[in-house]
Amino acid sequence: MADRIHSIKRAQKESLLLREISQLFHQASLDDPRLSSLMISRVQLSPDKGTCKVLFYCPEGKEKFDELLGILILYKPSLRAAIAKRIASRYTPEMIFAFDNTYEKEQRIQELLDKIKE
């Protein structure tokens, strides 16, 4: 029962972080138009809630994301400070930015299923 409560609380915190990071990132992308092609797809909070992996999708692919990663890293301290002010939590998790290839995998699976149909 305790594990279930912890997983629910973690999911709630992930949802809150996703909303807050998305709003802050939207503001950052208005300041720097190079980031406008990136979309936050989801966040993953570590079991100890010390690390938050922010997964981005970029329609131009992973290569473009890798180009923009340096810019994202420059925004990381200010994003983390803003999140600390917005959420009521003892600790603000460390953020890690990564490319989310889930959409591309889904597209590939759909293509394979379409081939099987034919």
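These are my notebook entries on the aromatic pairs, the nonpolar core, one surface patch and one helix residue of a predicted model.

**Entry 1: aromatic pairs**

I began with the aromatic rings, for which the count comes to 6 pairs. I then looked up the rings of Phe56 and Phe97, whose centres are 5.6 Å apart and whose planes stand at 70 degrees; since planes over 60 degrees apart count as edge-to-face, I entered the pair under that heading. The two residues link distant parts of the chain, as Phe56 belongs to strand S2 (residues 51–57) and Phe97 to strand S3 (residues 94–99), with their positions 41 residues apart. I also noted that one aromatic cluster is formed by Phe25, Phe56, Tyr57, Phe65, Phe97, Phe99 and Tyr103.

**Entry 2: burial and surroundings of Phe56**

Are Phe56 and Phe97 buried or exposed? The relative accessibility of Phe56 is 1%, and because the cut-off for burial is under 20%, I recorded Phe56 as buried. For Phe97 I found a relative accessible area of 10%, which puts this residue among the buried ones as well. Setting aside the neighbours of Phe56 within four places in sequence, I listed its contacts as Phe25, Leu38, Met39, Ile40, Ser41, Phe65, Leu72, Phe97, Ala98, Phe99 and Asp100.

**Entry 3: the largest nonpolar core**

Phe56 came up again when I turned to the largest nonpolar core, which has 23 residues, and in which Leu17, Ile21, Leu38, Val54, Phe56 and Leu72 are those with the most contacts inside it. At least two residues of this core come from each of helix H1 (2–31), strand S1 (39–45), S2, helix H2 (62–86) and S3. Which element gives the most to this core? I found that H2 does, with 6 residues.

**Entry 4: Ala28 in helix H1**

I next looked up Ala28, which is found in helix H1 and which, at 7% relative accessibility, counts as buried. Leaving out its neighbours within four places in sequence, I noted that Ala28 is in contact with Leu35 and Tyr75. I also checked Ala28 against Arg42, 14 residues apart from it along the chain, and found that their C-alpha atoms are separated by 17 Å.

**Entry 5: a nonpolar patch on the surface**

Last, I looked at the surface, where Ile109, Leu113 and Ile116 make a nonpolar patch of about 310 Å². Of these residues I located Ile109 in helix H3, which runs over residues 102–117.

Conventions
Residues numbered from 1 in each chain as written. Predicted model: local features only at pLDDT ≥ 70, side-chain atom pairs only at ≥ 80, totals over all residues. Heavy atoms only, no water. Phe/Tyr/Trp six-rings, centres within 6.5 Å; stacked < 30°, edge-to-face > 60°. Helix = DSSP H or I, 4+ residues; strand = E, 2+ residues; numbered from the N terminus. Buried < 20%, exposed > 50% of the residue type's maximum accessible area, 1.4 Å probe, protein only. Patch = residues over 30% accessible without salt bridge, like charges linked within 9 Å, V, L, I, M, F, W, Y side chains within 5 Å. Areas by Shrake-Rupley, 256 points an atom, 1.4 Å probe, with all protein chains shown as cover. Salt bridge = Lys/Arg side-chain N within 4 Å of Asp/Glu carboxyl O. Core = buried A, V, L, I, M, F, W, Y, C linked by side-chain atoms within 4.5 Å. Contact = heavy atoms within 4.5 Å.
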